[in-house]
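Welcome, and please open your viewer. We will go from one selection to the next and see what is there.

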Amino acid sequence: NEGGLRKLTMLKLAERYRDDRRLKDAGSILQAVNTDEDGPLADEVRLQRADIALRQGDTQATIDQCRQVAVSTTVESIRKRSLHLMGRAYEVIVRETEDSVQRKQHYLAAVKCFAGMLPRAGRADAVSTASHRGAK
């Protein structure tokens with residue numbers, strides 16, 4: 001269908017921009033892609049958005065997008081990629097967090113992601129943005 005072809009073309013262009021480190025351009029293109037529908041193509045767009053967010057230092061946006069994909073996708077390979085990317089976001093938070101209790105929570109969340117399990121949403125996610133930004 002025409003909508004799917006348009007999304008796929010925009011996704012490929014955004015990938016190209018991302019690979020060229022033109023993150024702002026890639027992000028703008030991906031924001032213009034409608035992801036209201038579920039499906040593998042929408043999941044790919046969300047994962048691209050999450051990857052760009054991580055490259056820009058927005059770990060919470062990465063975690064949120066990846067969690068949405070991991071919960072909603074029916075494609076196991078996409079679920080695994082979303083969990084791996086989420087784990088990388090938690091790794092960044094671990095490195096930037098000074099509080100040992102919060103660091104441990106984020107470390108355990110990363111471990112779960114890399115093991116293919118979705119960490120529980122809640123306290124670790126809620127404190128991640130505030131706690132590691134304060135440590136910068």
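Start by selecting Arg88, which you will find in helix α5 of this predicted model. Arg88 is partly exposed, because its relative accessible area is 33%. Now show what surrounds this residue: setting aside neighbours within four places in sequence, Arg88 is in contact with Asp51, Leu54 and Phe114. Take Asp51 from that list and draw a distance from C-alpha to C-alpha. The two residues, Arg88 and Asp51, are 37 residues apart in sequence, and the distance in space is 9.8 Å.

Stay with Asp51 for the next stop. Which residue forms a salt bridge with Asp51? Select Arg55: the closest N and O atoms of this pair are 2.8 Å apart. Both residues belong to helix α3, and because they are four residues apart there, about one helical turn separates them. Their surroundings can be compared by accessibility. Asp51 counts as buried, with 8% relative accessibility, whereas Arg55 counts as partly exposed at 44%.

How many salt bridges does the structure hold? There are three, so let us visit the others. As background, side chains of opposite charge can pair when their charged atoms come close.

Keep helix α3 (residues 40-55) on screen and pick Asp43 and Arg46, which sit three residues apart in that helix, about one turn. They form a salt bridge in which the closest N and O atoms are 3.4 Å apart. Are these two buried or exposed? Arg46 counts as buried at 3% relative accessibility, and Asp43 is buried too, with a relative accessible area of 2%.

Next, select Glu44 and Arg81, whose side chains meet in a salt bridge at 2.8 Å, N to O. This pair links distant parts of the chain: Glu44 lies in helix α3 and Arg81 in helix α5, 37 residues apart. Glu44 is buried, with a relative accessible area of 18%, while Arg81 counts as partly exposed at 41%.

Now turn to the nonpolar interior. Select Leu47, Leu54, Ile63, Cys66, Leu85, Met86 and Tyr90; among the 16 residues of the largest nonpolar core, these touch the most other members. You may remember Leu54 as one of the contacts of Arg88. Which elements give two or more residues to this core? They are α3, α4 (59-72), α5 and α6. Colour α5 to pick out the largest share, seven residues. A second core, separate from this one, has 10 residues, including Met10, Leu11, Ile29 and Ile52.

For the surface, select Tyr107, Leu108 and Val111. Together they form a nonpolar patch with about 290 Å² of accessible area. Zoom in on Leu108, which is placed in helix α6 (residues 100-114). With a relative accessible area of 44%, Leu108 is partly exposed.

Finally, colour the model by pLDDT. The protein chain averages 82, and 82% of the residues score at least 70. Which helix has the highest mean pLDDT, and which the lowest? Among the elements of the chain, helix α5 (residues 76-96) has the highest at 95, and helix α7 (residues 123-134) the lowest at 44. For a last selection, take residues 126-136, where pLDDT stays under 50. The model has 19 contacts beyond four places in sequence for this stretch.

Technical notes
Residues numbered from 1 in each chain as written. Predicted model: local features only at pLDDT ≥ 70, side-chain atom pairs only at ≥ 80, totals over all residues. Heavy atoms only, no water. Patch = residues over 30% accessible without salt bridge, like charges linked within 9 Å, V, L, I, M, F, W, Y side chains within 5 Å. Areas by Shrake-Rupley, 256 points an atom, 1.4 Å probe, with all protein chains shown as cover. Salt bridge = Lys/Arg side-chain N within 4 Å of Asp/Glu carboxyl O. Buried < 20%, exposed > 50% of the residue type's maximum accessible area, 1.4 Å probe, protein only. pLDDT = per-residue confidence, 0-100. Contact = heavy atoms within 4.5 Å. Core = buried A, V, L, I, M, F, W, Y, C linked by side-chain atoms within 4.5 Å.
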